[in-house]
Amino acid sequence: MIDSIAKLPRVQLGFYPTPLTDAKHLSAELGGPRIFIKRDDLSGLAIGGNKARKLEFILAEAKKQGATAVVSTASAQSNFCLQLAAAARKLNMRSSFALLKGIHNETQGNLLLQNILDSHIEILEVADMTLLQGSFISDKLNAVAAKLKAEGETPYIVKHTLPETPAILGVVGWITAAEELNQQFADLGIDPDYVVLVNGGGGTQAGLEIGSRYLNTRWKVIGIPVLNKAPAARKAVADQANAASEYLGLGVTISPDEVVVHDEYIGEGYGIPTTEGINAIRLMAQTEAIFLCPVYTGKGLSGVVDLVKKGRFTSSDTIVFVHTGGIPALFAYQQEVVK
Ligand SMILES: Cc1ncc(COP(=O)(O)O)c(C=O)c1O
């Protein structure tokens with residue numbers, strides 16, 4: 001492990017390494033590249049997903065600061081908030097969330113699981129994702145934290161955006177995934193060309209970008225955004241990658257134009273399923289018996305399918321698709337997914 005990461009406080013929330021499996025049927029169906037799937041949907045926290053790696057560092061920091069409760073925000077049906085609520089329970093902490101209104105606000109999917117965890121949730125009357133960055137949400141989170149304080153708790157606000165420490169620690173979690181992948185590639189005797197993953201806020205891609213550069217790998221990272229168009233997605237990845245690299249003293253930097261993303265699979269917007277994404281969910285289930293989600297990984301695989309069609313990935317390539325989780329959302333999106 002990278003020295004400066006090994007020195008950071010960390011709590012165990014997931015089971016690592018997550019499996020790396022050969023998706024032979026999917027690959028044959030596409031008539032394209034050899035495809036491996038990195039199963040971070042099996043990370044083992046709640047119903048799994050990419051947030052467990054991030055939270056191992058974020059919650060260790062919260063614990064170090066004496067926190068007894070966590071407070072955060074995202075959109076309703078957020079996988080991050082479910083995983084944070086679950087991690088909090090494992091660490092004997094309470095959790096409270098102020099969530100932006102989403103497409104599905106009923107107590108189903110992630111919101112059902114958060115209800116079972118007895119995580120406190122307020123769904124706000126606003127849906128604009130850009131609000132996650134401004135004072136409107138930070139005032140809300142401060143108010144939630146103040147209420148917890150009045151109840152005798154020591155709250156820790158998990159803020160997703162730079163320059164906040166949780167945003168940087170999340171990226172650190174995914175630098176460890178780059179090391180883990182490299183080890184698995186060596187164990188399996190494979191030499192992949194590309195690691196492809198969904199890009200939301202971009203922290204996961206940022207971790208893999210910095211990790212792969214620091215380790216000087218031959219494999220390159222490709223992101224499929226589900227939220228931001230290419231310029232904003234590239235900048236978000238570079239900013240977070242550079243912040244994490246500086247925090248760890250890795251001496252690696254990356255500029256936005258080195259970040260590769262294909263942004264044509266977002267559809268009408270974040271959280272709104274696409275026909276291609278739903279088809280990709282069915283394709284993955286029917287070839288590999290693996291479930292994806294309509295918000296993130298289904299759109300991600302729809303990108304892979306299209307890039308194979310366009311010849312961006314050829315039959316001589318080996319690619320790794322990172323399954324970042326999101327499965328609970330399938331149930332909230334029953335209406336859109338059912339044929
Ligand atoms: C299932 C799933 N995949 C991918 C992502 C994207 O992660 P990031 O925000 O680090 O880009 C998220 C989180 O937003 C997610 O929940």
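**Briefing: a predicted protein model**

Asn 92 sits in the loop that runs between helix H4 and strand S4. In this predicted model, that loop residue is exposed, because its relative accessibility of 70% is over the 50% cut-off. The protein around Asn 92 has 339 residues, and buried residues make up 58% of them. The points below go from the whole chain to its cores, and then to single residues.

**Overall build**

- The secondary structure of the protein consists of 13 helices and nine strands.
- The protein is as compact as a globular protein of 339 residues, because its radius of gyration of 19 Å is close to the 20 Å that the globule rule gives for that length.
- Along the principal axes, the C-alpha atoms fill a box of roughly 60 × 50 × 35 Å.
- Among contacts with a separation of 6 or more, 78% are between residues 24 or more positions apart.

**Surface and charge**

- The exposed area of the protein is about 13,900 Å², and 51% of that area comes from carbon and sulfur atoms.
- There are 31 positive and 34 negative side chains in the protein.
- The centre of the positive set and the centre of the negative set lie 2 Å apart.

**Nonpolar cores**

- In soluble globular proteins, nonpolar side chains tend to be buried together.
- The largest nonpolar core of this protein has 50 residues.
- Within that core, the residues that touch the most other members are Leu 13, Leu 55, Leu 59, Leu 84 and Ile 175.
- The helices that give two or more residues to this core are H3 (51-64), H4 (79-90), H7 (165-188), H8 (203-214) and H9 (230-248).
- Two strands also give two or more residues to this core, namely S3 (69-75) and S4 (94-100).
- Another core, of 31 residues, lies apart from the largest one, and its members include Ala 23, Ile 224, Leu 301 and Ala 332.
- Leaving out residues up to four places away in sequence, Leu 59 touches Val 11, Leu 13, Val 70, Leu 84, Ala 87, Ala 88 and Leu 91.

**Ser 72, in a strand**

- Ser 72 is part of strand S3.
- Ser 72 counts as buried because its relative accessibility is 0%, which is under the 20% cut-off.
- Apart from neighbours within four places in sequence, Ser 72 is in contact with Phe 80, Leu 84, Ser 96, Phe 97, Ala 98, Leu 141, Val 158 and His 160.
- Ser 72 and Ile 121 are 49 residues apart in sequence, and their C-alpha atoms are 9.9 Å apart.

**Two residues of helix H7**

- Thr 176 lies in helix H7, and Asp 187 has its place in helix H7 as well.
- Thr 176 is buried, with a relative accessible area of 7%, whereas Asp 187 is exposed, with a relative accessible area of 58%.
- Not counting residues up to four places away in sequence, Thr 176 touches Ile 5, Arg 10, Arg 53 and Phe 57.
- From C-alpha to C-alpha, Thr 176 and Pro 225 are 22 Å apart, with their positions 49 residues apart in sequence.
- Asp 187 and Arg 53 are 134 residues apart in sequence and 22 Å apart in space, C-alpha to C-alpha.

**Cis peptide bonds**

- The peptide bond from Tyr 16 to Pro 17 is cis, and its omega is near 5°.
- Pro 17 belongs to the loop between helix H1 (3-6) and strand S1 (20-22).
- Leu 162 and Pro 163 are joined by a cis peptide bond with an omega of about 5°.
- Pro 163 is found in the loop between strand S6 (155-157) and helix H7.

**Positive phi outside glycine**

- Asn 92, a residue other than glycine, has a positive phi near 60°.
- Ala 289 is not a glycine either, and its phi is positive at about 55°.
- Ala 289 lies in the loop between helix H10 (275-288) and helix H11 (297-309).
- Ala 289 counts as exposed, because its relative accessibility of 60% is over 50%.

Definitions and conventions:
Residues are numbered from 1 along each chain as its sequence is written. This is a predicted model: local features need pLDDT of at least 70, side-chain atom pairs count only at pLDDT 80 or more; totals for chains, interfaces and linings use all residues. Side-chain values use heavy atoms; hydrogens and water are left out. Helices (H or I, at least four residues) and strands (E, at least two) are DSSP runs, numbered from the N terminus. The radius of gyration is taken over C-alpha atoms; the globule rule is 2.2 Å times the number of residues to the power 0.38. Buried means under 20% relative accessible area, exposed over 50%, partly exposed in between (1.4 Å probe, protein chains only). Contact means heavy atoms within 4.5 Å. Accessible areas come from the Shrake-Rupley method with a 1.4 Å probe; for residues, only the protein chains shown count as cover. Lys and Arg count as positive and Asp and Glu as negative; His and the chain ends are not counted. The place of a charge is taken as NZ of Lys, CZ of Arg, CG of Asp or CD of Glu. A nonpolar core is a set of buried Ala, Val, Leu, Ile, Met, Phe, Trp, Tyr and Cys residues joined through side-chain atoms within 4.5 Å.
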